[in-house]
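I wanted to go through this model piece by piece and write down what I looked up. My entries follow in the order in which I made them.

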Amino acid sequence: MDLDLTPEQELLGETVRGVCARYADLTVVRQMEDDPVGYPAELWSQLGELGLLGMTIPEEHGGSGMNAIDGAVVYRELGRALAPSPHFVSCVASAGALLRAGATELLPGIADGSVIVTPAWLEPSGGFGPAGVTLTASRAGDGWALDGVKRHVEFAGAAQWLLVLARAPEGITLFLVDPSASGVTLTQKMTVASDSQYQVEFSGVRVPASAVVGEPGRGWAVWDQVMHDGIILLAAYAVGGARHALEITSEYSKVRRQFDKPLAAFQSLSHYMADAVTRIDGADTLVWEAAWAKSVGRNIERLAPMAKLFGCNTFRDTTAMAQQIFGGVGFTVEYDIQLYFRRAKQLQLSWWDTRYLEGLVAADVLDRVTA
């Protein structure tokens, strides 16, 4: 495994960092908190011009066909900036599901940014696994009727389509649903990260047979594969956020004085930061290994959950340590560290949480031990 980035990948990272600094700095991040749309149009437009909205989409469908390492480079910078956008839900998760299911009609629109699709997956009191999908899809004439409730549907207020995981007689099935359709109700919810999330209620929502994505009953197999691919990028996002959180903490520790010397001069605090950079470098290596394995076609069933698990735990632990060094002021809205602290916790709980990821890793370990 080669851990050195190519000159093109180095340039890609610098470009994304520059775009985020110009169109999604922390002032913009604050402005987008609890916003119904949740992202700046200028950032979305710039990501489209750079071909980054189609980075996971093959060129024959209007994308740029980047590999997983390229994606990790991009997401490390998005995490560093906390850039608010529906990139993951639309360009990674939804695009990946549509591509794997062979439903490619919307991919050019996703790639150029004119179409936003967001998954409606999680449900109240449901878990992250297939048993948590209980929203029903029943046959209704030549089409289907959907009934149930989805929660944590990100950027639903900006989406043209919802990618709904529903339980049909054949098993879990994917459906494309217009959020403005009769019987669909969107309610914005407040979150710890103050991002754009909705509860979506489906009450007898009628959709045609053409709304089915892929084969009925094959939805979970597609979704599970997409999630394994996607969480590598979320792990890179976590590492980028953790590294920048440590940078601003170390700078603060150099200028904040107590007992006539900077905080960084206190051995216990400097050791906290030494432990943090050690964990961040370890998480970074794990992300690159998972991305490399994906890019060369190797199995990622263990590596992807490991990367997300360790990356998100590191992001959370680093920002919690940072809050201790900042002290009480770190929790005030004027300081940037609280932005990272809150988003670290939400990312740890989202898109497969700690316990689910541990279960995936454990299952793979036990299978290999007993094989």
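Before reading any strand partners, I noted that two strands pair if DSSP finds at least two bridges between them. I also noted that the model is a predicted one.

**Entry: the hairpin**

I looked up strand 2 (residues 136-140) and strand 3 (residues 143-154) and found that they run antiparallel and are joined by five bridges. Following one position across, I found Ala137 of the hairpin opposite Leu146, which lies in strand 3. Two residues sit between the strands of this hairpin, and there I noted that Gly141 has a positive phi near 65 degrees.

**Entry: helix 1 against helix 4**

I next asked at what angle helix 1 and helix 4 pack. For helix 1 (residues 7-23) and helix 4 (residues 68-81), I read an angle of about 30 degrees, with the axes 9 Å apart. Since angles under 35 degrees count as roughly parallel, helix 1 is therefore roughly parallel to helix 4. I recorded the crossing of these two helices as right-handed. On the side of helix 1, the contact is made by Gln9, Leu12, Gly13, Val16, Arg17 and Cys20, while helix 4 contributes Ile69, Asp70, Val73, Val74, Glu77, Leu78, Arg80 and Ala81. Sorting the residues of this contact by kind, I had eight nonpolar, two polar and four charged.

**Entry: Leu43**

I then turned to Leu43, which I found in helix 3 (residues 41-49), and asked whether Leu43 is buried or exposed. Its relative accessibility is 0%, so I entered Leu43 as buried. Leaving out residues up to four places away in sequence, I listed Val19, Tyr23, Ala24, Ala83, Pro84 and Ser85 as the residues that Leu43 touches. Of Ser85 I noted further that it is 42 residues from Leu43 in sequence, with 7.9 Å between the two C-alpha atoms.

**Entry: Ser90**

Ser90 is in helix 5 (residues 87-101), and I entered Ser90 as buried because its relative accessibility is 0%. With residues up to four places away in sequence not counted, Ser90 touches Ala95, Ile110, Val115, Ile116 and Val117.

**Entry: Ala236**

Last, I looked up Ala236, which belongs to helix 7 (residues 219-255); its relative accessibility is 2%, so Ala236 counts as buried. Which residues does Ala236 touch, not counting those up to four places away in sequence? I listed Ala72, Tyr75, Arg76 and Val287. I also checked Ala236 against Glu77, which is 159 residues away along the chain, and found their C-alpha atoms separated by 8.5 Å. Glu77 had already come up in my notes, among the helix 4 residues in contact with helix 1.

Note on methods
Residues are numbered from 1 along each chain as its sequence is written. This is a predicted model: local features need pLDDT of at least 70, side-chain atom pairs count only at pLDDT 80 or more; totals for chains, interfaces and linings use all residues. Side-chain values use heavy atoms; hydrogens and water are left out. Axes are lines fitted to C-alpha atoms, for helices over the stretch in contact, and angles run from 0 to 180 degrees between N-to-C directions. Angles under 35 degrees count as roughly parallel, over 145 as roughly antiparallel, 65 to 115 as roughly perpendicular and the rest as oblique. A crossing is left-handed if the near helix is turned anticlockwise from the far one by less than a right angle, and right-handed if clockwise. Contact means heavy atoms within 4.5 Å. Ala, Val, Leu, Ile, Met, Phe, Trp, Tyr, Cys and Pro count as nonpolar, Asp, Glu, Lys and Arg as charged, and the others, Gly among them, as polar. Buried means under 20% relative accessible area, exposed over 50%, partly exposed in between (1.4 Å probe, protein chains only).
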